[in-house]
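Hi there,

Here is the structure I promised to hand over. Have a look through it first, and then read on for what turned up.

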Amino acid sequence: MWKKCVPILLSAPLVLGGCSLLPQEETGGHLVLVQAVDSVQYDLVEVVREDVQLVKELYCTYQQSQEETLSFGTAGRMVRYVHVKVGQNVKKGDILGELESDDLVEAIEQTRYIVEKNRLLLAQAEEMKAFDLEALKAQYDSGALTRAQYEERVGQTEENYEDTIAGYQDVLYIQELRLEKLEKELEGCQVYAGMDGMVSMVRGKMTENLLPAGAAAFTVIDTSQCVFSTNEMEYAKYFMPGQEVTLVNNNGTTYETRFLGADEAPDTEKLYFALIEPDTSIAVDTRAFASLVLDERKDVLALPLNAVYKAAGKSYVYCEDENGLKSVRYITTGLSGSKYVEIVEGLEEGEMVIRK
């Protein structure tokens, strides 16, 4: 890179009259020429051979087609077991973790016993009532009881059993409600995977502390579709199904992906790039780009973009003339790339042009 300083002379005639700062006898009434010297710095850049590329940075956003965050349905209990770890593959229905629940299991067994016992007692009472009523009917049919006697004794029998049956029914209702509550509480002590996938998050120190109600305990992601996507559909023609594409984020981290064809993509509204290897550390909405070469000229004369100017449809550069002053030279350009401009005519390799 060359740098040069060019002096520029600024001249102006100055007429000094009666109110001149200089005495009349010193100026003699002549014109005084005042010269100011300033300098302009500029760079000289060489015409070189380069590959001129027009590059499109195709920005994509990371997403997962499906993800579930799971929590225990029961609060106020210590975690007994965590059955999985981050990165572990699971199937739908696999248990991920469970809370301490021995007291619940015991309470459920006791309540079930009470429920079954009262169901039997209720059934027995209803059978005895039915038997007694059948016996009265038999007596009436045989003529041992009059119509009035029969109706009276039927009323007494129903009244005798009413309180007993109602008592069993009340106990059953209460105990069945309690059993339902206990079973629901026990169910909330286990967390199961709701889909096939990979465990991407396990809450830390779960076995040491009580979890707040509804606290996220596990996250499972569908690793079959961990993708970056973009809605710039017009660039689909630059990719082939299954083509491997490296994406890069602004921090320089790279992601190896493959382009999903229409038969694999979740929909036809976006372009999708699936991770070749699932990575649970990537945050949803992470942005990365693919450098897509839209056009290219290999090994051609080229200058940086900021060394070539355009006006009225013509391209030109600034060169030094034989006096060391800046002059304009019109040139013919080809492909304007992302960094360089292709020079077709008007300059030779090794020539120097001015770049401010």
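A quick word on one term before the tour: a residue is called buried when its relative accessible area is under 20%, exposed when over 50%, and partly exposed in between. Please also keep in mind that this is a predicted model.

**The overall picture**

The protein chain has 356 residues, of which 33% are buried. Its secondary structure consists of 3 helices and 20 strands. If we take the contacts between residues at least 6 apart in sequence, 72% of them link residues at least 24 apart.

**The two helices, 2 and 3**

Helix 2 runs over residues 102–142. With 41 residues, helix 2 reaches 60 Å from its first C-alpha to its last, close to the 60 Å expected at 1.5 Å a residue. Just after helix 2 comes Gly 143, with a positive phi of about 90°.

Helix 3 covers residues 147–187 and also has a span that agrees with expectation: its 41 residues should span 60 Å at 1.5 Å a residue, and the end C-alpha atoms are 57 Å apart. Helix 3 does bend, by about 30° at Glu 162.

Which residues of helix 2 are buried? They are Leu 104, Ala 107, Ile 108, Thr 111, Val 115, Asn 118, Leu 122, Ala 125, Leu 133 and Leu 136. These buried residues pack against helix 3. It helps to recall that an α-helix has 3.6 residues a turn, so residues three or four places apart point the same way. You can trace the list along the helix with that in mind.

On the side of helix 3, the buried residues include Tyr 150, Val 154, Thr 157, Tyr 161, Ile 165 and Leu 172. What do the buried residues of helix 3 pack against? Their partners are helix 2 and strand 8 (190–192).

**A close look at Leu 136**

Leu 136 is a good residue to zoom in on, and it belongs to helix 2. Is Leu 136 buried or exposed? Its relative accessibility is 8%, and because the cut-off for buried is under 20%, Leu 136 counts as buried. Leaving aside residues up to four places away in sequence, Leu 136 touches Leu 145, Tyr 150, Arg 153, Val 154 and Thr 157. One of these, Arg 153, is 17 residues from Leu 136 in sequence, with 7.5 Å between their C-alpha atoms. Tyr 150, Val 154 and Thr 157 are themselves buried in helix 3.

**The sheet that includes strand 8**

Strand 8 takes part in an open sheet of 3 strands, in the order 5-7-8 with antiparallel pairing. The edges are strand 5 (79–82) and strand 8, each of which pairs on one side only. Neighbouring strands here are turned by 15° against each other on average, direction ignored. Strand 7 (residues 95–99) is joined to strand 8 by 3 bridges, and Glu 98 has Gln 190 of strand 8 as its bridge partner.

**Strands 16, 17 and 18**

Further along the chain, strand 17 (residues 314–320) is mostly covered, with 5 of its 7 residues buried. Strand 17 pairs with strand 16 (residues 309–311) in the antiparallel sense over 3 bridges, and Tyr 309 finds its bridge partner in Tyr 316. The hairpin of these two strands has 2 residues between them, and Ala 312 takes a positive phi near 55° there.

Strand 17 also pairs with strand 18 (residues 326–336), again in the antiparallel sense, over 6 bridges. Cys 319 stands opposite Ser 327 in this pairing. The hairpin of strand 17 and strand 18 has 5 residues between the strands, and Gly 324 in the turn has a positive phi of about 80°.

Val 328 sits in strand 18. Its relative accessible area is 43%, so Val 328 is partly exposed. Apart from residues up to four places away in sequence, Val 328 touches Tyr 316, Val 317 and Tyr 318. Tyr 318 is 10 residues away along the chain, and its C-alpha atom is 4.7 Å from that of Val 328.

**Cysteines**

How many disulfides does the structure hold? The count is 0. Cys 60 counts as buried, at 0% relative accessibility, and Cys 189 is buried at 0% as well.

Enjoy exploring it!

Note on methods
Residues are numbered from 1 along each chain as its sequence is written. This is a predicted model: local features need pLDDT of at least 70, side-chain atom pairs count only at pLDDT 80 or more; totals for chains, interfaces and linings use all residues. Side-chain values use heavy atoms; hydrogens and water are left out. Helices (H or I, at least four residues) and strands (E, at least two) are DSSP runs, numbered from the N terminus. Buried means under 20% relative accessible area, exposed over 50%, partly exposed in between (1.4 Å probe, protein chains only). Contact means heavy atoms within 4.5 Å. A disulfide is a pair of cysteine sulfur atoms within 2.5 Å. The expected span of a helix is 1.5 Å times one less than its number of residues. The bend at a residue is the angle between axes fitted to the seven residues ending there and the seven starting there. Two strands pair if DSSP finds at least two bridges between them. Axes are lines fitted to C-alpha atoms, for helices over the stretch in contact, and angles run from 0 to 180 degrees between N-to-C directions.
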